[in-house]
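I opened this notebook to keep a record of what I looked up in the structure, one topic at a time. I wanted each entry to say plainly what I checked and what I found.

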Amino acid sequence: MMSQIQNLIDRGALFVINHSAGKDSQAMTIHLKSIVPSGQLMVVHADLGRVEWPGVQEHIRETVGDLLISVVKNPNKDLLEMVERRGMWPSASTRQCTSDLKRGPIETWVRRTLKARPEFNGLVVNCMGMRAEESPSRAKKTAFKFNERNSKAGREWYDWLPIHNWTTEEVFKCIADAGQKPHWAYEKGMSRLSCCFCILACKSDLRLSAKLNPDLYRTYVNLERKIGHTFAQPRKGQPTVFLEEITGINSVHLEAAE
């Protein structure tokens, strides 16, 4: 695979770094900067608005050095507005939050960037920080592949997961070795950085996020009640459980954690 990557570097491909400000994005960026010329690297962040962790964009700017950063956003959709209109939350199998708010805007930006920057000859490697250790579904992903769907209109598009086989320990070590720190939410105890409240998050992360983001937590709880659909979808045969029951935290009197 690395011989293919080197060939794409030699051909002058644009390497796009999908950056969420999470530990994996941060480590991936550090790694890519060591092997890809800076003139062929660009960072793109999908702005999730009010459901995004405070300080995310500042953290990205502070840790990517002199790389060009672009922030994209779906102008017509906000996660909570989308949930209210649909009357249901995304699920692990139907993740509009990813397709509509992250992947869609980023792919649109890549296409426009390639059109505006002819020096890349329509050649792009879309880099994402997903790792096999995170989940069985991510373990099954192909680390490097030709993206036929996006390879149109003179584009040659590849998807690459540069740190797919890295362990969590290796990720944090890479960040430390670069003299950097991960986003502040990790120091507070979060195990991952996605939306403040992610449908894939574990109970401990949801509890901690509720304490760190009390106003947003109340918004989620109230929206659950309004639409009558639970944020966390129950497994087959399991009872429906609302967010307050999962966290064990009453939203009414919750105050921000120090």
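**Entry: what covers helix H7**

I began with the cover over the buried residues of H7, and I found that it includes H2. I am working with a predicted model, and I keep that in mind for every entry below. Which residues of H7 are buried? I listed Val171, Cys174 and Ile175. Looking down the axis of H7, I saw that these buried residues fall within an arc of 95°, so they line one face of the helix. This pattern made me recall that an α-helix has 3.6 residues a turn, so residues three or four places apart point the same way. On the face of H7 turned away from the buried side I noted the exposed residues Glu169, Lys173 and Asp177. Just after H7 I also wrote down Gly179, which takes a positive phi of about 75°.

**Entry: how H2 and H7 pack**

I reminded myself that two packed helices are described by the angle between their axes and the distance between the axes. For H2, residues 23-33, and H7, residues 168-177, I noted an angle of about 60° and axes 9 Å apart. The two helices are therefore oblique to each other, since angles from 65 to 115 degrees would be needed for roughly perpendicular. I recorded the crossing of H2 and H7 as left-handed. From H2 the contact is made by Lys23, Asp24, Gln26, Ala27 and Ile30, while H7 brings Thr168, Val171, Phe172, Cys174 and Ile175. Sorting the residues of this contact of H2 with H7 by kind, I have 6 nonpolar, 2 polar and 2 charged.

**Entry: a second pair, H4 and H10**

I then turned to H4, residues 79-86, and H10, residues 214-227, whose axes come within 10 Å and cross at roughly 10°. H4 and H10 are therefore roughly parallel to each other, because an angle under 35 degrees counts that way. On the H4 side I listed Leu79, Leu80, Val83 and Glu84, and on the H10 side Leu216, Thr219, Tyr220, Leu223, Lys226 and Ile227, as the residues that make the contact. The residues of the contact of H4 with H10 divide into 7 nonpolar, 1 polar and 2 charged.

**Entry: His229, in the loop that follows H10**

I found His229 in the loop between H10 and helix H11, which spans 243-247. Is His229 buried or exposed? With a relative accessible area of 19%, His229 is buried, because the cut-off for buried is under 20%. Its C-alpha atom and that of Gly87 are separated by 7.0 Å, although the two residues are 142 residues apart along the chain. Setting aside neighbours within four places in sequence, I noted that His229 is in contact with Gly87, Met88, Trp89 and Glu224.

**Entry: two alanines with positive phi**

I looked up phi angles next, bearing in mind that most residues other than glycine have a negative phi. Ala21 has a positive phi near 85°, and I placed Ala21 in the loop between strand E1, residues 14-18, and H2. Ala153 also has a positive phi, near 55°, and it is found in the loop between strand E5, residues 144-146, and strand E6, residues 156-160. How buried or exposed is each alanine? Ala21 counts as buried at 0% relative accessibility, whereas Ala153, at 76%, counts as exposed.

**Entry: Ser194**

I located Ser194 in the loop between helix H8, residues 184-188, and helix H9, residues 203-212. At 18% relative accessibility, Ser194 counts as buried. The C-alpha atoms of Ser194 and Gly22 are 7.1 Å apart, with their positions 172 residues apart along the chain. Not counting residues up to four places away in sequence, Ser194 touches Trp53 and Lys102.

**Entry: Asn126 and Pro118**

I closed with a residue in a strand and a residue in a loop: Asn126 lies in strand E4, residues 123-127, and Pro118 is in the loop between helix H5, residues 96-116, and E4. Asn126 is buried, with a relative accessible area of 6%, whereas Pro118 is exposed, with 55%. Beyond four places in sequence, I noted that Asn126 touches Val16, Asn18, Trp157, Tyr158, Asp159 and Trp160.

Technical notes: Residues are numbered from 1 along each chain as its sequence is written. This is a predicted model: local features need pLDDT of at least 70, side-chain atom pairs count only at pLDDT 80 or more; totals for chains, interfaces and linings use all residues. Side-chain values use heavy atoms; hydrogens and water are left out. Axes are lines fitted to C-alpha atoms, for helices over the stretch in contact, and angles run from 0 to 180 degrees between N-to-C directions. Helices (H or I, at least four residues) and strands (E, at least two) are DSSP runs, numbered from the N terminus. Angles under 35 degrees count as roughly parallel, over 145 as roughly antiparallel, 65 to 115 as roughly perpendicular and the rest as oblique. Contact means heavy atoms within 4.5 Å. Ala, Val, Leu, Ile, Met, Phe, Trp, Tyr, Cys and Pro count as nonpolar, Asp, Glu, Lys and Arg as charged, and the others, Gly among them, as polar. A crossing is left-handed if the near helix is turned anticlockwise from the far one by less than a right angle, and right-handed if clockwise. Buried means under 20% relative accessible area, exposed over 50%, partly exposed in between (1.4 Å probe, protein chains only). The arc is that of the directions from the helix axis to the C-beta atoms.
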